[in-house]
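Colleague: Could you take me through one part of this model slowly, as you would for someone in their first year? I would like to hear about the charged pairs and the residues hidden inside.

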Amino acid sequence: MKRIDLNCDIGEGFGVYRIGEGHLLEEELMNHVSSVNIACGFHAGDAATMRLTVQMALKHGVAIGAHPGLPDLQGFGRREMNITAQEAYEMTVYQLGALMAIAKSEGGLVQHVKPHGALYNMAACSPALAEAIAQAVYNVDERLVLYGLAGSELIVAANKTGLRSASEVFADRRYTSEGALVARGIEGAVIEEKEAAVAQALQLALHAATLAMDGTKLELQADTICIHSDTAGAAEYALILRSELEKAGIAIASPLSAIG
């Protein structure tokens, strides 16, 4: 049976501020996904939020991942910054170390790393940034899995460094003809209709292919599918998506199980 991971970006509140419905929504999402990517304090998250999110992940038996981002709370890490490869390395080590310490203190382990937002998109097309992030992850713990946009420089760098990689696809985002994600500021970049998003996810999971925004056919390896917790109706969408994948004969599994 084919296996695929369902991952969700999570723990993205900060102090008294919460994204969407906060922890209630996040705990509901954990009933449907197999891994979570926890914000580590730069674009969102703080020590208390990280600890609570780790506790919820352990309760629901989902794989814990670090979600390091750019130091941009106001922009939620979605604005590009002119950083060096060394800075990308240091940001990744710092944030990964914080989550690993909190996870260990709660009796858990971090299994994977997925860069967030602009850092993810920048590294997807920059070999230097991608290699810096991959090396940071490898130097902290070579057993970790690095998530990256399918076909991107992050996957190339992970494999070059000796890390296991998980090629990530998106059900609710449109692609360019080059396989990059269409920028959120462009109309139609986010697929808001649940049926259309589920259809794209099934096409990617079953056939490793989808259509770009301009109609170009793309072939994309799909080890893990992303669900955004800040999307309206995220929990309902996650339930429908998991149900449809399972009906299609695809098992939902943690990243280590999904990639072998």
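Modeller: Let's start with Gln-95, which counts as buried because its relative accessible area is 0%, and the cut-off for buried is under 20%. Please keep in mind that this is a predicted model. Gln-95 sits in helix H3, residues 85-105. If we set aside its neighbours within four places in sequence, Gln-95 is in contact with Cys-40, Phe-42, Pro-68 and Gly-69.

Now for the charged pairs you asked about. The structure holds eight salt bridges, and I'd like to show you three. In one of them, the side chains of Asp-9 and Lys-114 meet, with 3.0 Å from N to O. This pair ties together distant parts of the chain: Asp-9 belongs to strand S1, while Lys-114 lies in the loop between strand S4 (110-113) and helix H4 (117-125), 105 residues apart. Both partners are buried.

Lys-114 also meets the side chain of Glu-168 in a salt bridge, at 2.7 Å from N to O. Here too, distant parts of the chain are linked, since Glu-168 is in strand S6 and the two residues are 54 residues apart. Glu-168 counts as buried because its relative accessibility is 0%. Lys-114 is buried as well, because its relative accessible area is 2%.

For another setting, look at helix H8, where Lys-247 forms a salt bridge with Glu-244, the closest N and O atoms being 3.5 Å apart. Because these two are three residues apart in H8, about one helical turn separates them. A helix has 3.6 residues a turn, so residues three or four places apart point the same way. Lys-247 is exposed, with a relative accessible area of 65%, whereas Glu-244 is partly exposed at 27%. Back among the buried charges, salt bridges that share partners join Asp-9, Lys-114 and Glu-168 into one network.

Strands S1 and S6 come up again when we turn to helix H7. H7 covers residues 194-207, 14 residues in total, and reaches 20 Å from its first C-alpha to its last, close to the 20 Å expected. Its buried residues are Ala-197, Val-198, Gln-200, Ala-201, Leu-202, Leu-204 and Ala-205. What covers them includes strands S1 (2-10) and S6 (164-170), along with S7 (209-211), S9 (224-228) and S10 (250-252), and also helix H8 (234-247). Just after H7, Ala-208 takes a positive phi of about 50 degrees.

Methods:
Residues numbered from 1 in each chain as written. Predicted model: local features only at pLDDT ≥ 70, side-chain atom pairs only at ≥ 80, totals over all residues. Heavy atoms only, no water. Helix = DSSP H or I, 4+ residues; strand = E, 2+ residues; numbered from the N terminus. Expected span 1.5 Å × (residues − 1). Buried < 20%, exposed > 50% of the residue type's maximum accessible area, 1.4 Å probe, protein only. Contact = heavy atoms within 4.5 Å. Salt bridge = Lys/Arg side-chain N within 4 Å of Asp/Glu carboxyl O.
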